[in-house]
Amino acid sequence: MKIAIFNGSPRLENTAAMIKAFREGAEAAGHEVEEYHVGRMKIAGCMGCEYCHTKGEGRCVQKDDLEKILPAYEEADMIVFASPVYYFTMTAQIEAAIQRVYCIGKPRKATKAAILLSSGSPGVYDGAIAQFKAYTGYTKIENAGIITAHGAENKSAAKLAEIRDFASKL
Ligand SMILES: Cc1cc2nc3c(=O)[nH]c(=O)nc-3n(C[C@H](O)[C@H](O)[C@H](O)COP(=O)(O)O)c2cc1C
């Protein structure tokens, strides 16, 4: 499978460690993995102008880094959202990207999706998980898995092994 990972973290720490483990497992199983570091891209929020659905033929009127991720979003067989929890949801950067793909609608090919969430505290995932489940329901993409890591679990050998194992069995 062609797997596209959208990394919502602006940093290269805990979420990056989860992604690295995921990549190791997935590549060992023969999958092709590409990461898009959305947390460091400049992607503005959707303006709701409906240009994309009127004159734009699916193209967004705003020209920014969204263009760097749209082809991957359209072509991937599996989509992975990876983000730290910021105030009980994913980061603003990845939320902007998710909302801006409104211009093309549902991904064309993806049959699976997963979410990797890193946080400081336990029990802070309800918002992000509810969104992810609603997203997979709406797009009719299989929810392949939800993996969380909080506090000391971040970068721990046990958590990274769990993620590697998960990705190797996709
Ligand atoms: C702006 C901001 C908001 C945060 N909000 C939460 C939160 O609501 N709950 C929580 O448990 N951790 C919160 N954290 C902590 C991060 O989720 C945590 O440190 C995470 O492991 C960072 O991942 P990263 O190294 O990939 O950036 C917040 C951190 C920042 C910078």
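This is a short tour of the structure, moving from the whole chain to its sheet, its ligand and one loop residue.

**The whole chain**

Begin with everything displayed, and keep in mind throughout that this is a predicted model. The chain contains five helices and five strands, and if you colour by secondary structure and follow the sequence from its start, you will meet them in the pattern β-α-β-α-β-α-β-α-β-α. The C-alpha trace spans about 50 × 35 × 25 Å along its principal axes. A compact globule of 170 residues would have a radius of gyration near 15 Å, and the chain, with 15 Å, agrees with that. Of the 170 residues, 35% count as buried. When you look at contacts between residues with a separation of 6 or more, 80% of them join residues that are 24 or more positions apart.

**The sheet**

Next, hide the helices and select the five strands, which form an open sheet in the order β2-β1-β3-β4-β5 with parallel pairing. At the edges you will find β2 (32–36) and β5 (142–150), and because each has a single partner strand, one side of each is left without a neighbour in the sheet. If you turn the view to look across the strands, the twist from one strand to the next averages 15 degrees. As a general point, the strands of a sheet pair through backbone hydrogen bonds, in either a parallel or an antiparallel sense.

**Strand β3 and its partners**

Now select residues 78–84, which make up strand β3 and pair with strand β1, residues 2–7, in the parallel sense over five bridges. Two positions help to align the pair by eye: Ile-3 stands opposite Met-78, and Phe-6 stands opposite Phe-81. Strand β3 also pairs with β4, again in the parallel sense, over seven bridges, and here Val-80 is the residue to pick, since it stands opposite Ala-114 in β4.

Is β3 enclosed or open to the outside? Seven of the seven residues of β3 are buried, so the strand is largely enclosed by the rest of the structure. Showing the side chains lets you inspect both faces, which are covered: Met-78, Val-80, Ala-82 and Pro-84 are buried on one side, while Ile-79, Phe-81 and Ser-83 are buried on the other.

**Around the ligand**

Centre the view on the ligand, which is surrounded by 16 residues, the closest being Glu-13, Asn-14, Thr-15, Pro-84 and Gly-120. Pro-84 will be familiar from the buried residues of β3. Both α1 (14–28) and β4 (112–119) supply at least two residues each to the shell around the ligand. Colouring that shell by residue class would show six nonpolar, eight polar and two charged residues.

**A loop residue to finish**

Finally, select Asn-154, which is found in the loop between β5 and α5 (157–168). With 18 C-beta neighbours inside 10 Å, Asn-154 counts as partly exposed. Leaving aside residues up to four places away in sequence, Asn-154 touches Asn-14, Ala-17, Ser-118 and Ala-149, and the first of these names, Asn-14, is also among the closest residues to the ligand. For a last distance to draw, join the C-alpha atoms of Asn-154 and His-31, which are 24 Å apart in space and 123 residues apart in sequence.

Terms used. Residues numbered from 1 in each chain as written. Predicted model: local features only at pLDDT ≥ 70, side-chain atom pairs only at ≥ 80, totals over all residues. Helix = DSSP H or I, 4+ residues; strand = E, 2+ residues; numbered from the N terminus. Rg over C-alpha atoms; globule rule 2.2 N^0.38 Å. Buried ≥ 20, exposed ≤ 12 C-beta atoms within 10 Å, placed from the backbone. Contact = placed C-beta atoms within 7 Å. Pairing = 2+ DSSP bridges. Axes fitted to C-alpha atoms, helices over the stretch in contact; angles between N-to-C directions. Near = placed C-beta within 6 Å. Nonpolar A, V, L, I, M, F, W, Y, C, P; charged D, E, K, R; others polar.
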